[in-house]
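Q: Please take a close look at a single part of this model, a sheet and the strand that you would choose within it. I am new to the structure, so a connected account that sets this part among its surroundings would help.

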Amino acid sequence: MQNQAPAPPRHRSPFVAAFLSFLFPGLGQAYAGFVMRGLAFAAPMILLLALLAGLLSTKATRDGLLAQLTSPTVLLLVLVADLLLLAYRLVAIVDAFRVAAYVEGASRAPAGGLSRPRLSVAPLAFLGLLAVLLVTPILHVGVARYDLLAYDVVTSITGDQGDNGGGPSDSASASTSASPTGQSSASPSSAASVSPIPQWNGKERLNILLVGVDQRPGDITFNTDTMIVASIDPVTKQVAMLSLPRDTEGVPLPSSWPAARYFANGVYPAKINSLWVNARDNPGLYPFPGNSASQKANRGYQALKGALGTLYGLNIQYYVSVNFEGFQQAVDELGGVTVDVQMPVTDNHMPIPDSRAVNLYIPAGIQHMDGTAALAYARARHASSDFDRAQRQQRVILSLRQQTDIASLLDFNRLQQLATDLKTAIHTDIPADLFPQLVGLGQDLDLTNLRSLVFTPPRYAVECNNPAASCYYSLTAKVPQIRQAVRSIFNISPQLAASRLQLDAEGATVEVLNGSGSAGQAATVAAWLQYLGMNAEVSTINGGRADRLDYPQTVITVYNGAESELPETVRVLQAQFGVTVQTKDDPAIKTDKFILITTGTATPKFTVPAQ
């Protein structure tokens, strides 16, 4: 019997093997007949794809993965992993080429020869290999561009955290002398330092100061016209936004600061929107030393955090500063924002970037705004007030948060321009490695029950506007009322919180007279109405006693046509007392939006809950 002739060696193209391993590592080796070698090369890629499939299988894990990509550390790890993956793919391609060339050489070797097959490859195959090797890095370069762009943004908008103190819990001692102009004679090196507020631990209430600044090109100072504290309960996911009007005076400073001992009664004597500049230029009064530009700016922001934290009774851990011009450009890159405009907005002196004033009109209803319109909507005030403006600013922030989808920003050109805008628009002292945790928290917030407070007069401040008496427009903060409102904001229903906001905006003045003779009834009713959100006091008329003491029912009188401006106030009063309000014209009543309540024997007995 003749022996069967051995099967001739298979012909395998090295270029095809290289191309197959370009498509998926290990395919080229399997094509060349080295199946186990191919599996060894394919295994890392299979494991990686399985891991990614698991991470992307649900929205929660996808969002978590995107959140992690805001960490500089994670971004650097992604860059390293991208380079290692590139190197692994290049090795797989070259190895597939070599083993296929080996097989091809073996197919051409003389039968029965004992010499090792020569790796003889056609020049065109080498050119094909070179082309594959040049194409392979393209995807990896794209990933690296995204990665480096994101790294540049997150490291550019955040600076050194430095002394992160300034809240009510600060404790420090220092001595300094100040000149009559308020400029401290202490050198920067002698300025006190404070115990920093601990970094947020993920469990306690998180408070972030949002500062809006109108800093023109070339300016190094500015007033802080928007000051909103976002307070977040990480357990219940509830959010409160606290807005302080820029004209507020009498804001208390932390007692440990030299400025608290320098200024009378430990309060900042000027409008709060000037505190940033005052702190910037007075290192001896504020315990955040340094004279570099960044240190001066940091001193201004830390002073705002400390002052507002003391006013509210909160530890304000971080700040985020937003430049108006950069905000406008960023909104444009996001494709605009849709806002539910509650009331028409008009402003006949609305400034625009070239310093001209234009007439602004934004009608009520659902409006889609570009960056210019959104900024104008948030800033307009000449035909309304700072109080209405604060509510509009909160509404724009909330709308942007609800409508921005991180995954929609992956177009590189769009992301690149947005990154440029964010770098010029935003600065913060939030540590960059905390970004993923905050992004994850932001995705879970309960924004349907947002609590909002604007600290308006007369409930939260005393308004003064009498130039004849050298009293130009200002608001003096009612500190106890503000702190009480902040303490209780998460302990009330969303419906009550929304009603309080509307009652504050309407600004009625309510006085209560005792018409039943029941001891303390007027005071109890006034306290209840204050709890509901009204500016209510026992009347000074006749010592708080009505013209008689036998009123059977509560009588509510709204004077001089104010009922048309007080829809929520009228609704709440009628619901609480079960009576219909009366209207009356009386030229002797000079108080705007005045309501007089006379209690009776059937007036409900109210009890203000402990807060």
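A: A residue is called buried when its relative accessible area is under 20%, exposed when it is over 50%, and partly exposed in between, with a 1.4 Å probe and protein chains only. By that rule, buried residues make up 46% of the 611 residues in the protein chain. The model is predicted, so local features need a pLDDT of at least 70 and side-chain atom pairs count only at pLDDT 80 or more, whereas totals for chains, interfaces and linings use all residues. Residues are numbered from 1 along each chain as its sequence is written, and side-chain values use heavy atoms, with hydrogens and water left out.

The chain contains 19 helices and 20 strands, taken as DSSP runs numbered from the N terminus (H or I with at least four residues for helices, E with at least two for strands). Of the contacts in the chain with a separation of 6 or more, 74% are between residues 24 or more positions apart, a contact being heavy atoms within 4.5 Å.

The part chosen here is an open sheet of six strands in the order β12-β7-β1-β2-β3-β13, with mixed pairing; two strands pair if DSSP finds at least two bridges between them. At the edges stand β12 (426–428) and β13, each of which pairs on one side only. From one strand to the next the twist averages 20°, with axes fitted as lines to C-alpha atoms, for helices over the stretch in contact, and angles running from 0 to 180 degrees between N-to-C directions. Helix α11 (residues 324–333) packs on this sheet, where it touches β1 (206–213), β2 (224–233) and β7 (318–323), and its direction makes about 80° with that of β7.

Within the sheet, β3 (238–243) deserves the closest look. Strands of a sheet pair through backbone hydrogen bonds, either parallel or antiparallel. Six bridges join β2 to β3, and these two strands run antiparallel, while the five bridges between β3 and β13 join strands that run parallel. M241 illustrates both pairings, for its bridge partner in β13 is S452, and M241 is in turn the bridge partner of A230. A240 is also bridged to β13, where its partner is R451. Between β2 and β3 the hairpin has four residues, and in it K237 takes a positive phi near 65°.

How many residues of β3 are buried? Six of its six residues are, which leaves the strand mostly covered. In a regular strand the side chains alternate between the two faces of the sheet. In β3, Q238, A240 and L242 point one way and V239, M241 and S243 the other way, and all of them are buried.

Beyond the end of β3, D247 is placed in the loop that leads to β4 (248–249). D247 counts as buried because its relative accessibility is 8%. Its side chain is joined to that of K271 by a polar contact of 3.2 Å, a polar contact being a pair of N or O atoms within 3.5 Å in which, within protein, one must be able to donate a hydrogen and the other to accept it, while residues adjacent in sequence count only if both atoms are side-chain atoms.

The edge strand β13 also leads to a pocket. On a 1 Å grid over the protein atoms alone, a pocket is an open set of points with protein on both sides within 12 Å along at least five of seven lines, a cavity is a set where a 1.4 Å probe fits but cannot get out, and lining residues have an atom within 4 Å of a point. Grid points are joined across faces, edges and corners, and a volume is the space filled by probe spheres set on the points. The second largest pocket has a volume of about 1500 Å³ and is lined by 47 residues, of which D388, Q391, L501, Q502 and A505 lie nearest its centre. Each of β8 (337–341), β9 (345–351), α13 (386–403), β13 (446–454) and α17 (494–506) supplies at least two residues of this lining, and the largest share, nine residues, comes from α13.

Enclosed space was searched for as well, and three cavities of 30 Å³ or more are found in the whole structure. The second largest cavity holds about 70 Å³, and its lining includes T456, P457, L503, D504 and N535. N535 belongs to another sheet, for it stands in β17 opposite T509.
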